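Biologist: Could you take me through one part of this protein closely, and explain how that part sits within the chain as a whole? I am new to reading structures, so please go step by step.

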Amino acid sequence: MAKGLFGYVNQSALYNRFRPRYPTQLIDFLFPKEKSGDRKVCIDLGCGTGISTRQIAPYFQTIVGIDSSDSQLDIARKSSVGHENIRFLKNDAYNLSNAVLQADLTVNDVSHITIAEAYHWLDFDRFNSHFCQFFPHATLCLLVYSTPSIVLQDSLESLRDNDLSKLESLTEQQLNGINSAWEYTWSSILPYFKCDTQIVNTLFKTLPFEKYFKVESKFDRDISVINLSGLTNYLKTISAYNVMLEETGGKINVAEDLEMQVLQCFKSITDPEDIYFPIL
């Protein structure tokens, strides 16, 4: 029986360590310094382990992270010690007005509601209606990244010099091998997702937001460098991966398969920590 989105052993701890952080330039775009006086309270809905909550916290007087997962909130609280303006509450997406009262605030105190990599799990119409009814003066900020993809040779010029130094010995053949292994891995776990992944991969562009909101969007290509260990551990944070393990009795383990396939592309390197490649 499935254990919920984040109820698998070590999943939340891996999530907190290996999920991507959001680009600083994107956070600055959402919360420009010249408008800081208008920002008092932010609700970070679907906060998970508090990755986005901690990144956004410096831009607000108070930020309240809300999630429905006990394991995610436990890690969030432990990882946010010292952040005096952060608090975390267990609640769902459709009772935010009650959560605000629970935090000794009013709905008028809330200037922003952020949802980072979680909006696709919601009943869109139900949440949007709740937001418009109780937070008509607030700004809704949705942060999402598409399926990670391996960056091939012709895009490497966009990487920073310090990242390029890690890739000096990477050949085009090796890069193509890593890409093929990753594409096979991702296609293997796709059937186990419990949400519409196409909505995520199109960065929500197909959703009828205009029905509810005035929309402003920003798209950033954020290319970074990751090692093989980081990528396989990222896989283990994904609920679909854990559902696949559970439903197949562990007979299909794409994280282990990915590591083995990529290592075969290298003759002299045997440690997953030492194999770096660019990812978008």
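Modeller: Among the contacts in the protein chain between residues at least 6 apart in sequence, 73% join residues that are at least 24 apart. This is a predicted model, and its protein chain holds 12 helices and 7 strands. The radius of gyration is 20 Å, close to the 19 Å that the globule rule gives for 280 residues, so the chain is as compact as a globular protein of that length. Along its principal axes, the C-alpha trace spans about 60 × 45 × 40 Å. Of the 280 residues, 51% are buried, while the accessible surface comes to about 14600 Å², with 48% of that area belonging to carbon and sulfur atoms.

The part to look at closely is helix α8, which covers residues 172-189. With 18 residues at 1.5 Å a residue, α8 should span 26 Å, and because its end C-alpha atoms are 26 Å apart, the expected span and the model agree. You can next follow the helix residue by residue and ask which side chains belong to its buried set: they are Q174, L175, I178, N179, A181, W182, T185, W186, S188 and I189. A residue is called buried here when its relative accessible area is under 20%. These buried residues of α8 pack against three other helices, namely α10 (228-236), α11 (239-247) and α12 (254-263), and also against the strand β7 (276-279).

For contrast, it helps to look away from the helix at two loop residues, D104 and E117. D104 lies in the loop between α5 (96-102) and β4 (110-116), and E117 is found in the loop between β4 and α6 (124-134). Neither residue is a glycine, yet D104 has a positive phi of about 60° and E117 has a positive phi of about 55°. Their surroundings can be told apart by accessibility: D104 is exposed, with a relative accessible area of 71%, whereas E117 counts as buried at 13% relative accessibility.

Both of these residues carry negative side chains, which leads to the charges of the whole chain. The protein chain has 25 positive and 34 negative side chains, and the centres of the two sets lie 4 Å apart.

Conventions:
Residues are numbered from 1 along each chain as its sequence is written. This is a predicted model: local features need pLDDT of at least 70, side-chain atom pairs count only at pLDDT 80 or more; totals for chains, interfaces and linings use all residues. Side-chain values use heavy atoms; hydrogens and water are left out. Helices (H or I, at least four residues) and strands (E, at least two) are DSSP runs, numbered from the N terminus. The radius of gyration is taken over C-alpha atoms; the globule rule is 2.2 Å times the number of residues to the power 0.38. Buried means under 20% relative accessible area, exposed over 50%, partly exposed in between (1.4 Å probe, protein chains only). Contact means heavy atoms within 4.5 Å. Accessible areas come from the Shrake-Rupley method with a 1.4 Å probe; for residues, only the protein chains shown count as cover. The place of a charge is taken as NZ of Lys, CZ of Arg, CG of Asp or CD of Glu. The expected span of a helix is 1.5 Å times one less than its number of residues.
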